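Trainee: I am new to this structure and should like to go through it with you. May we look at it together?

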Amino acid sequence: MSITLKQLVKILEDELQPGLFKDYCPNGLQVEGADKVQRLVTGVTACQALIDKAVELKADAILVHHGYFWKGEDSAIVGMKKRRIETLLKHNISLISYHLPLDGHQELGNNAQLANLLGWKTEGGMEPGKARSVGSWGTPEKPLSLEVLGDQIEEKLGRKPLLIPGGDHEIKTLAWCTGGAQRMIDLALDLNVDAYVSGEISESTVHFARENGIHYISAGHHATERYGAKALGEWLEEKYGIEHTFVDIYSPV
């Protein structure tokens, strides 16, 4: 079964509502390929390895969280960018990307899927007044230590997290935002939660956590964001009948 590319993009726009977000890149269709989509590949980042796998799988479109044309990057299509786009165009494969809208979706998004995976109960968003916050807060299944939370994350994500203690207190509440959102730790502090989980870490985040008494867990940018695009692809397959394959291109970051 197939749908038109135009229909697919409209479905995604209606579901993810990119107009609600002020983002760092264009959301939606970034490179136009075949008019019809029967086979869809999803992944985290539109790297060359993912594109090559999509070619091998004879995909009509690729749907990712990290696409192209980021604010501040050189707009010239040369080198790595040229090779990637050249491969897409040569094989008539569309590239569709949703960044913050995929973080913020309350069921299919990266943060919602991470919570499902780890058994966290979502109580609300990290950003006050936003209908679709890119971060969430809530509670674990039961109070636990920082070390036990770290063990759970390692078991589920297959990657050992970096744990920064903010004291010796138990974790009864926590906030989380996948990817490179370590700087949202100040919002977690405002929510008065015991711990904050994100993907990356910067030097200043260590001191912020220690001096403000909030645990910080750096669980990996790629590791925390493998689940939104996959869930979205599975939803499209179930609802619209297109073939879907999630391809996980390993990244240690």
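Mentor: Let us begin with one residue. Leaving aside its neighbours within four places in sequence, Ile 96 is in contact (heavy atoms within 4.5 Å) with residues including Leu 5, Leu 8, Val 9, Leu 12, Gly 28 and Leu 63. The model is predicted: local features need pLDDT of at least 70 and side-chain atom pairs count only at pLDDT 80 or more, while totals for chains, interfaces and linings use all residues. Residues are numbered from 1 along each chain as its sequence is written, and side-chain values use heavy atoms, with hydrogens and water left out.

Trainee: Which residue stands opposite Ile 96 in E6?

Mentor: Helices (H or I, at least four residues) and strands (E, at least two) are DSSP runs, numbered from the N terminus. Strand E6 covers residues 94–97 and pairs with E5 in the parallel sense over 4 bridges; two strands pair if DSSP finds at least two bridges between them. The residue opposite Ile 96 is Leu 63.

Trainee: Which element supplies the largest share of the largest nonpolar core?

Mentor: A nonpolar core is a set of buried Ala, Val, Leu, Ile, Met, Phe, Trp, Tyr and Cys residues joined through side-chain atoms within 4.5 Å; buried means under 20% relative accessible area, exposed over 50% and partly exposed in between, with a 1.4 Å probe and protein chains only. This core has 21 residues, and Leu 8, Leu 12, Leu 63, Ile 96, Tyr 98, Leu 232 and Leu 236 touch the most other members. Helix H1 (5–16), strand E5 (61–66) and helix H10 (228–240) each supply at least two of its residues. The largest share, 6 residues, comes from H1.

Trainee: How many residues are in the other core, which lies apart from it?

Mentor: Its members include Ile 153, Ala 195, Ala 219 and Ala 223. The number of residues in this core is 18.

Trainee: What are the edge strands of the open sheet of 5 strands?

Mentor: The order of this sheet is E2-E6-E5-E4-E13, with mixed pairing. An edge strand here pairs on one side only. The two are strand E2 (28–31) and strand E13 (243–246).

Trainee: In the open sheet of 6 strands, which residue stands opposite Leu 163?

Mentor: That sheet has the order E7-E8-E10-E11-E12-E9, and its edge strands are E7 (121–125) and E9 (162–164). E9 pairs with strand E12 (residues 215–218) in the antiparallel sense over 3 bridges. Opposite Leu 163, in E12, stands Ile 217.

Trainee: Why are the buried residues of H2 on the same side of the helix?

Mentor: Helix H2 covers residues 48–56, and its buried residues are Leu 50, Ile 51 and Ala 54. What covers them includes strand E4 (39–45), E5 and helix H3 (79–90). The arc is that of the directions from the helix axis to the C-beta atoms. These residues are on the same side of H2 because their arc around the axis is only 100 degrees.

Trainee: Is Trp 235 buried or exposed, given its relative accessibility?

Mentor: Aromatic rings of Phe, Tyr and Trp (its six-membered ring) pair if their centres lie within 6.5 Å; planes under 30 degrees apart count as stacked, over 60 as edge-to-face and the rest as tilted. The rings of Trp 235 and Tyr 240 have centres 6.0 Å apart and planes at 75 degrees, so the pair is edge-to-face. Tyr 240, at 23% relative accessibility, counts as partly exposed. Trp 235 has 19%, so this residue counts as buried.
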